[in-house]
Amino acid sequence: MIDLSQKPAQPLVLPSILAADFTTLGEDVADVLDKGADGIHVDIMDGHFVPNLSIGVPIMASLRKRFPDAYFDVHLMVTNPELFVQPFADAGADHITFHIEATAGRKENHEFDLIKQIKATGCTAGISFNPPTTAASVQHLVGHVEMFLAMSVHPGFGGQKFIPEVLDKIRELSPKLPDTARFEIDGGVGPVNAGDVAAAGVDMIVAGSAVFGAPDRAAAIAAIKAG
Ligand SMILES: O=C(CO)[C@@H](O)[C@H](O)COP(=O)(O)O
C-alpha cells in the first residue's frame, strides 16, 4: 500500500487503466500488479471537462472488490468534482485528485472545500493542473494536499505525446513541497523519458500505454522505475 507521506526510494509506477483492455480489465489489473505496479491510476472522464468518457463508480467498486489490498489512485477529470468524491470514496478509492481548472468560476476557495470533502471520506487529496496551467496556480495548496499531479498531455486521451515543457513547472514546484507530499506526472511517460521526469522531481509516474501496451510489462515497469 502506498503511503504518500513517505518519499519512495524509486519513483512509484501506477498504470492507467485507460490503456487496459476493458473486456479483460480484472486480468489486466492483476497482471500489472503482479509485475511490479505500485498501484492503479483510475481515470474518470465526464465528457465535459475533457472531450471523452471513461468509466464510472461501478467499475471502481468492482476493482476494489476483486483487489482488496491494491492502491487505487482516482483522477477526476470532471467539471463538478464535488458530485463524485463521496461515490468514488465509497467505491474504494484510496486517493482522489481533482483539477484546479474545475474550480475556475466557482465560489471562492472551492478548492479548499473539495480538499476538506475528500479528506472527510478518509481518502488523501491531490490537485492536478493541465499543461497550460502555471505552477503558481496551485502553489497555494502546498501543505494542504498530499499530491500534486502535473498533466504532461492535454487530458482526455491515452497514448499522446509527452509535452516536455511541463518539466519546468515540476522543477519550479517540487522543491516547495513538504517531504510528506508527492509529485505525480501523467501522460506520455515511459522508459525513454522516465529518467527526465524523476530528475525534475517526480516520484509517482502514471503510465498507460507504456505499461499495458508493452510486450513485457514487468520489464517496462522496472525500466520506468529505474529511469
Ligand atoms: O489521464 C490521462 C489522459 O487524460 C492519462 O492517465 C493517460 O491515460 C495516460 O496514458 P499514456 O499517455 O501513458 O498512454
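**Exercise 1.** Which residues does the UniProt annotation "active site" cover?

*Solution.* This is a predicted model. The annotation comes from an unreviewed UniProt entry and covers D43 and D186. The two are spread over 144 residues of sequence, yet they cluster in space. Their largest C-alpha distance is 10.4 Å.

**Exercise 2.** Place D43: where does it lie, and is it buried or exposed?

*Solution.* Start with the strand. D43 lies in β2, which spans residues 40–45. Next, count neighbours. D43 has 24 C-beta neighbours inside 10 Å. A residue is buried if 20 or more lie within that distance. D43 therefore counts as buried. Last, list contacts, leaving out residues up to four places away in sequence. D43 touches S16, I17, L18, S54, H75 and M77.

**Exercise 3.** Do the same for D186: in which strand is it found, and why does it count as buried?

*Solution.* D186 is found in strand β7, residues 182–186. D186 counts as buried because it has 28 C-beta neighbours inside 10 Å. Not counting residues up to four places away in sequence, D186 touches L149, M151, S152 and V206.

**Exercise 4.** Describe the surroundings of T97, then give its distance from D34.

*Solution.* T97 lies in strand β4, residues 95–99. With 27 C-beta neighbours inside 10 Å, T97 counts as buried. Beyond four places in sequence, its contacts include H75 and L149. H75 is also touched by D43, and L149 by D186. Other contacts of T97 include V74, L76, G126, I127, S128 and M147. Now the distance. T97 and D34 are 63 residues apart in sequence. In space they are 25 Å apart, C-alpha to C-alpha.

Conventions:
Residues numbered from 1 in each chain as written. Predicted model: local features only at pLDDT ≥ 70, side-chain atom pairs only at ≥ 80, totals over all residues. UniProt positions renumbered as here; feature names shortened; annotations may be inferred. Helix = DSSP H or I, 4+ residues; strand = E, 2+ residues; numbered from the N terminus. Buried ≥ 20, exposed ≤ 12 C-beta atoms within 10 Å, placed from the backbone. Contact = placed C-beta atoms within 7 Å.
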